[in-house]
Amino acid sequence: MRGRGEKLEAAVAARELDRMLVTDLTNVRYLTGFTGTNGAVICGPETRLFLTDFRYTERAEAEVAEWETVTISADWLGGIAARLGGRVGFEDDQMSVRMAEKLKEKLAEGTELVAAGGEVEKLRRVKDSEELRAIAEASKLGEEAWRWALERGFLGRSERDVALATEAKIRELGGEPSFPAIVATGPNGALPHAEPGERVIATGELVVFDMGAKLDGYCSDGTRTFAIGEVGEKGREVYDVVLQAQLAALEAITAGRTGEELDTIARELIGEAGYGEAFGHALGHGVGLEVHEGPRLAQKSDDVLAPGEVVTVEPGIYLAGELGVRIEDFVIVREDGFENLSTLSKDLTLVD
Ligand code: ZN
Ligand code: ZN
């Protein structure tokens, strides 16, 4: 966590705030290391306060360093308000309107709440070496579960069976799923966020398999589309278009590129092949403590990639009632390129 308070303090100063109140628990964890379910941070010049209640005093002692822990025994908002003054940034994208109103009532005269959401999220985009190590480990563990699922086989099993068994394998290996695994076969593959159901995986179908593992709080994310036996000309053609788009966008990943530029590379190739309407989501997203975070690789995204960011590259084509294909790699952005954490083959793999 070293140095994160200093970075936030600089961001607070740049926005001409006196203090920043952080209430989003993922952001609190990022800043302090605290993994409990009630905590807040107040950051500013010479102010590094971590606030929690008595249930977590012990945990805070074990997890939180560099921040002064304050235990608030009653009146949580009153305890926070008593430690605020001047222009106070708060996470307006996280705190409920009701809570903000209640907090305002308790503030001393002259103290002002200023909407300042997203500041910690910006810091979280670039990972330090410790975070990158955790992410690489999570990715490795996820892929181990994936290989296990491939070996176990898909044919004749329900989507749900494959998804649940893989999630159980992730837990057995010491992690947890970073999100509920998506296993979508045949026409279900056309739903980008399909929930695995009772549909049994049959010969001649494409199966979209999207999953990730979480280790020490850090997530991985990846997708492969597998062929169960011979999937026919259309399936192969669509797969090839997605693969070419994925490879082109992937090869372009490097520090300095914008999210929109990268998205456009894949989108144009898919459009030229006549499937523009069928690529209905963004090219990719950042991954870290949350499976979806900044930067955004999307149209209208002016996010500029920086070394140490971790992003997905995941174009897809979804033909309603027919089939779906998505291929998603998980990469670290480097100064002069990228490092791909995904090692599973992207050739159309025939499995059973
Ligand atoms: Zn993703
Ligand atoms: Zn994914």
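In the predicted model, the zinc ion (ligand 1) and the zinc ion (ligand 2) lie 3.1 Å apart, with D221 coordinating both. The D221 and H285 pair connects distant parts of the chain, 64 residues apart: D221 belongs to the loop between β11 and β12, whereas H285 belongs to strand β13 (residues 284–286). Both D221 and H285 are buried.

The coordination of the zinc ion (ligand 1) is provided by D221 (OD), H285 (NE2), E314 (OE) and E328 (OE), at 2.1 to 2.2 Å. The sequence spacing of these donor residues is D-x63-H-x28-E-x13-E. Angles among the four donor atoms of the zinc ion (ligand 1) range from 77 to 149 degrees, and the site is irregular. A tetrahedral assignment would require all angles to lie between 85 and 135 degrees.

For the zinc ion (ligand 2), the donors are D210 (OD), D210 (OD), D221 (OD) and E328 (OE), at 2.0 to 2.6 Å. The site of the zinc ion (ligand 2) is likewise irregular, with angles of 54 to 146 degrees among its four donor atoms. Along the sequence, the donor residues of the zinc ion (ligand 2) follow the spacing D-x10-D-x106-E. D210 is located in strand β9 (residues 205–211) and D221 in the loop between β11 (218–219) and β12 (222–228), so this pair ties together parts that are eleven residues apart in sequence. D210 has a relative accessible area of 6% and is therefore buried, the cut-off being under 20%. The relative accessible area of D221 is also 6%, which means that D221 is buried by the criterion applied to D210.

Strand β9, which carries D210, takes part in an open sheet of four strands, arranged in the order β8-β9-β12-β20 with mixed pairing. The edges of this sheet are formed by β8 (182–185) and β20 (350–351), each of which pairs on one side only. Strands β12 and β20 run parallel and are joined by two bridges. Within this pairing, I228 is placed opposite V351 in β20. Helix α8 (residues 159–172) lies across β8 and β9 and runs at about 155 degrees to β8.

A further set of pairings involves strand β18 (residues 329–334). Five of the six residues of β18 are buried, so the strand is largely enclosed by the rest of the structure. Strand β15 (residues 310–313) pairs with β18 in the antiparallel sense over four bridges. In this arrangement, V331 of β18 is the bridge partner of V311. Strand β18 also pairs with strand β19 (residues 337–340), again in the antiparallel sense and over four bridges. Here V331 stands opposite N340 in β19. The two strands β18 and β19 form a hairpin, with two residues between them.

Note on methods:
Residues are numbered from 1 along each chain as its sequence is written. Chains are lettered from A and ligands numbered from 1 in the order in which they are written. This is a predicted model: local features need pLDDT of at least 70, side-chain atom pairs count only at pLDDT 80 or more; totals for chains, interfaces and linings use all residues. Side-chain values use heavy atoms; hydrogens and water are left out. Donors are N, O and S atoms within 2.8 Å of the metal (3.2 Å for Na, K and Ca); water is not among the atoms, so sites may look incomplete. Four donors count as tetrahedral if all angles lie between 85 and 135 degrees; four count as square planar and six as octahedral if opposite donors are over 155 degrees apart and all others between 65 and 115; anything else is irregular. Buried means under 20% relative accessible area, exposed over 50%, partly exposed in between (1.4 Å probe, protein chains only). Two strands pair if DSSP finds at least two bridges between them. Contact means heavy atoms within 4.5 Å. Axes are lines fitted to C-alpha atoms, for helices over the stretch in contact, and angles run from 0 to 180 degrees between N-to-C directions.
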